[in-house]
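The report that follows looks at one protein structure step by step, beginning with a single residue and then turning to helices, a strand and charged pairs. Please keep the sequence and the structure at hand while reading.

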Amino acid sequence: METGKTERLDPTARGLARAVGILGAGGRVAFPTETVYGLGADARNGAAVAGIYAAKGRPSFNPLIAHVADVAMARRYVVWSDLADRLAGAFWPGPLTLVLPLRPDAGISDLTTAGLDTLAVRVPAHPLAQALLRAFDGPLAAPSANPSGRISPTTAEHVLAGLDGRIEAVLMGGACGVGVESTILGLGAEPVLLRPGGLPVEALEAMLGAPLSTGGSADAPSSPGQLLSHYAPRAGLRLEAETARKGEVLLGFGPVAGEITLSASGDLHEAAAALFGALHELDARGASGIAVAPIPERGLGRAINDRLRRAAAPRDRDGTAGA
Ligand code: TXA
Ligand code: MG
C-alpha cells in the first residue's frame, strides 16, 4: 500500500472499522496491547507482512507473533495440545506467547514464520486489541511497533515518534499497562522459556510444577529475535549503578532515586510499566549515558533485566539487529 500520511484512528467503532478496512487491503495498523504497541498486518498476506518488515527495517529472518482473539482462532493455525490448553486456560488473554507446530493448512505467510515450521500465537488482553481481532476475524502478525533495534513503544506517541509516515495508521489507545513484551514459551518436546516477559516465569513454573529451562543463547538463539543487541536507546547503558557518573543520567529504582525512578516503592509491576517510557524520555534528553539502578531478578524483574542487558550490549555492526 501507498504510505505517506499515517492516520490517527480514534478508539471507537468508527476507528476500528477503518482499521479493519486498512488491514483487509494489506495495510499496516499499529494498535495497543497490554504489553506494548504492536504493528499489525494480515499474517496470511505475504505482501502485507513484507510491509511490516519494510516499515521496521527488520531483518527478514526474524519471525513474528500471530495475534488471535481466542483459543478457537489459535487452533485454526497451530497444532493444539493438552498442555497448550491448560496454559491458555490459565493465562489467556494475557502476556503469554506460545510457540507451537504450524498446521500445514494454516494459510499463514512464510514471511510471518520466517520459514519455520512453528508459529508463535498470542491472545492479547487489551480491550482494543480484542475488539480489533474480533472485527478483523483473522490473525494479525504484529511485532512491537518500533523501528528495528529501538525501544518498544508503550504509547501511541512512541509509535509515531518512530514510524510516522511509514505505516498507514495507529489506533490511538492509551499507555500499555504491562509495559514489557509477552513471555514466550516454546512447546516442543519439553516446554522452554524463549523470552522472559510480562507473565512472571514463576507463575509458569508454579503451573508446570517444574523449573523452566531457557533455550538457546545469544549466539545460537532458539527464538531468532533474541539477538543480544536489542531494545537500544541511543545513549549507552550502565547497569547495577548506585550513582550517576559525569555525563550520565540516573534511572532509579527503590532506594536508588534517579532523574526518573521506575518505582520508588520497589514495585516491579510499576517499574515494568514505566521502563520503556523512561528510556524513551532519557534518550530524548540527549544524555550520553544512562546509569541504571539494580533491579531484583525475580517476577517482572527478570523481563526488565533481560531488556536492560540487551539495551546495554554492544551494538551489532549495522546497529540494527533485533526486533
Ligand atoms: O508482547 C509482545 O509479544 C509484543 C506485542 C505487540 O504482542 N510483540 C512482540 O513481538 O514483542 P516481537 O516481534 O518484537 O518479538 C517476537 C519474538 C521474537 O523474539 C521472535 O524471534 C520470536 O518472538 N518468535 C516469533 N515466532 C517464533 C517461532 N516460531 N519460534 C521461536 N521464536 C519465535
Ligand atoms: Mg520488538
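## A residue in helix H9

Ile304 lies in helix H9, which covers residues 301-312. The model discussed here is a predicted one, and every value given below should be read with that in mind. Is Ile304 buried or exposed? Ile304 has a relative accessible area of 0%, and because buried means under 20% relative accessible area, Ile304 counts as buried.

Which residues surround Ile304, once its neighbours within four places in sequence are left aside? The contacts that remain are with Leu268, Ala271, Ala272, Leu275 and Ile295. One of these partners, Ala271, is 33 residues away from Ile304 in sequence, while the distance between the two C-alpha atoms is 8.1 Å.

## Helix H9 as a whole

Helix H9 consists of twelve residues, and the distance from its first C-alpha to its last is 16 Å, which is close to the 16 Å expected at 1.5 Å a residue. Nine of these twelve residues are buried, so H9 is largely enclosed by the rest of the structure. The buried residues of H9 are Gly301, Ala303, Ile304, Asn305, Asp306, Arg307, Leu308, Arg310 and Ala311, a list in which charged residues such as Asp306 and Arg307 appear beside Ile304. The elements that cover the buried residues of H9 include strand E10, strand E12 (236-238), helix H8 and strand E15.

## Helix H8, a neighbour of H9

Helix H8 runs over residues 268-284, and its 17 residues reach 24 Å from the first C-alpha to the last, close to the 24 Å expected at 1.5 Å a residue. Where does H8 bend? The bend is at Ala274 and amounts to about 40 degrees. At the start of H8, a side-chain oxygen of Asp267 comes to within 2.8 Å of the backbone nitrogen of His269, and just after the helix Gly286 adopts a positive phi of about 80 degrees.

Among the buried residues of H8 are Leu268, Ala271, Ala272 and Leu275, and these four also belong to the contacts of Ile304. The cover over the buried residues of H8 includes helix H6 (156-163), strand E13 (248-252), strand E14 (260-261), strand E15 (289-292) and H9. Helix H9 is thus part of the cover of H8, just as H8 is part of the cover of H9.

## Strand E9 and its partners

Strand E9 spans residues 183-187, and five of its five residues are buried, so this strand is largely enclosed by the rest of the structure. Thr183, Leu185 and Leu187 point one way from E9, whereas Ile184 and Gly186 point the other way, and all of them are buried.

How do the strands E5 and E9 run where they are joined? Strand E5 (residues 96-101) and E9 run parallel and are joined by four bridges, with Val99 standing opposite Gly186 in E9. Strand E10 (residues 191-195) pairs with E9 in the antiparallel sense, again over four bridges, and there Pro191 in E10 is the bridge partner of Leu187. The connection between E9 and E10 is a hairpin of three residues.

## Salt bridges

How many salt bridges does the structure hold? There are 15, and one of them brings the discussion back to helix H9, since the side chains of Arg307 and Asp306 meet in a salt bridge of 2.6 Å, taken from N to O. Salt bridges that share partners join Glu181, Asp306, Arg307 and Arg310 into one network. Arg307 is buried, with a relative accessible area of 2%, and Asp306 also counts as buried, at 9%.

A further salt bridge links Asp42 with Arg44, where the closest N and O atoms are 2.9 Å apart. Asp42 is buried at a relative accessible area of 10%, whereas Arg44 counts as partly exposed at 35%. Another salt bridge is formed by Asp70 and Arg134, whose closest N and O atoms are 3.4 Å apart. This pair links distant parts of the chain, because Asp70 sits in the loop between strand E4 (65-67) and helix H3 (71-74) and Arg134 in helix H5 (residues 127-136), 64 residues apart. Both partners are partly exposed, Asp70 with a relative accessible area of 26% and Arg134 with one of 47%.

Technical notes. Residues are numbered from 1 along each chain as its sequence is written. Chains are lettered from A and ligands numbered from 1 in the order in which they are written. This is a predicted model: local features need pLDDT of at least 70, side-chain atom pairs count only at pLDDT 80 or more; totals for chains, interfaces and linings use all residues. Side-chain values use heavy atoms; hydrogens and water are left out. Helices (H or I, at least four residues) and strands (E, at least two) are DSSP runs, numbered from the N terminus. Buried means under 20% relative accessible area, exposed over 50%, partly exposed in between (1.4 Å probe, protein chains only). Contact means heavy atoms within 4.5 Å. A salt bridge is a side-chain nitrogen of Lys or Arg within 4 Å of a carboxyl oxygen of Asp or Glu. The expected span of a helix is 1.5 Å times one less than its number of residues. The bend at a residue is the angle between axes fitted to the seven residues ending there and the seven starting there. A polar contact is a pair of N or O atoms within 3.5 Å; within protein, one must be able to donate a hydrogen and the other to accept it, and residues adjacent in sequence count only if both atoms are side-chain atoms. Two strands pair if DSSP finds at least two bridges between them.
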